[in-house]
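I opened this entry to note what I looked up about fold, exposure and charge, going from the whole chain to single residues.

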Amino acid sequence: RGREECRAEEQCRKQLAAMSDSAHVGIQKLLEAESQASEVVAQAKKDKVMRLKQAKEEAEAEIAAYRGLREEQFQKYKNERMGDSGEYTKKIQADTDAAMRNIQISMDANKEKIITSLLQSVTTVSI
């Protein structure tokens, strides 16, 4: 029995050592897997940040292009409606001069009639 107990004890020690080595290998594999997972997550975060930066840059470029287009449209609209201030002033002056010439022509043509009508109204007394 003494020998059998020793053999059983020795077998138990071997089994424990084998289990310990096996557990150590399992833990090592878990640590390696955790490290790889951390690297994958870190790379995914970097990729996401890069995609967000790229999307932001593309959006800013698109906004700048749209802003430029709208500014160009506005300037064209403004020039069509208001024109250059010098040209606008010249146009108003030309319109005013034309209206004054028409008034002068009308006045010259009807001058005698108006004077006669006014004199008749002043000199005619109704009682």
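Before reading the burial figure I wrote down the cut-off: a residue counts as buried when its relative accessible area is under 20%, as exposed when over 50%, and as partly exposed in between. The model I am reading is predicted. With that cut-off, I found that 0% of the 127 residues of the chain count as buried.

Whole chain. I looked up the secondary structure and noted 2 helices and 0 strands. For the surface, I recorded that the chain exposes about 12,300 Å², of which carbon and sulfur atoms supply 58%.

Helix 1. I then asked which residues form a negative surface patch. I listed E57, E58, E60 and E62 as its members, and I followed one of them, E60, back to helix 1, which covers residues 2–81. E60 has a relative accessible area of 45%, and because this value lies between the two cut-offs I entered E60 as partly exposed.

Helix 2. As a general reminder, I noted that side chains of opposite charge can pair when their charged atoms come close. I looked for salt bridges and the count came to 1. The pair is D95 with K91, and I read 3.3 Å between the closest N and O atoms, which is within the 4 Å that the salt-bridge rule allows. Both residues are in helix 2 (residues 85–123), and because they are 4 residues apart there, about one helical turn separates D95 from K91. I checked the accessibility of each partner as well: D95 is partly exposed at 44%, whereas K91, with a relative accessible area of 51%, is exposed.

How values were computed. Residues numbered from 1 in each chain as written. Predicted model: local features only at pLDDT ≥ 70, side-chain atom pairs only at ≥ 80, totals over all residues. Heavy atoms only, no water. Buried < 20%, exposed > 50% of the residue type's maximum accessible area, 1.4 Å probe, protein only. Areas by Shrake-Rupley, 256 points an atom, 1.4 Å probe, with all protein chains shown as cover. Patch = residues over 30% accessible without salt bridge, like charges linked within 9 Å, V, L, I, M, F, W, Y side chains within 5 Å. Salt bridge = Lys/Arg side-chain N within 4 Å of Asp/Glu carboxyl O. Lys, Arg positive; Asp, Glu negative; His and termini not counted. Charge placed at Lys NZ, Arg CZ, Asp CG, Glu CD.
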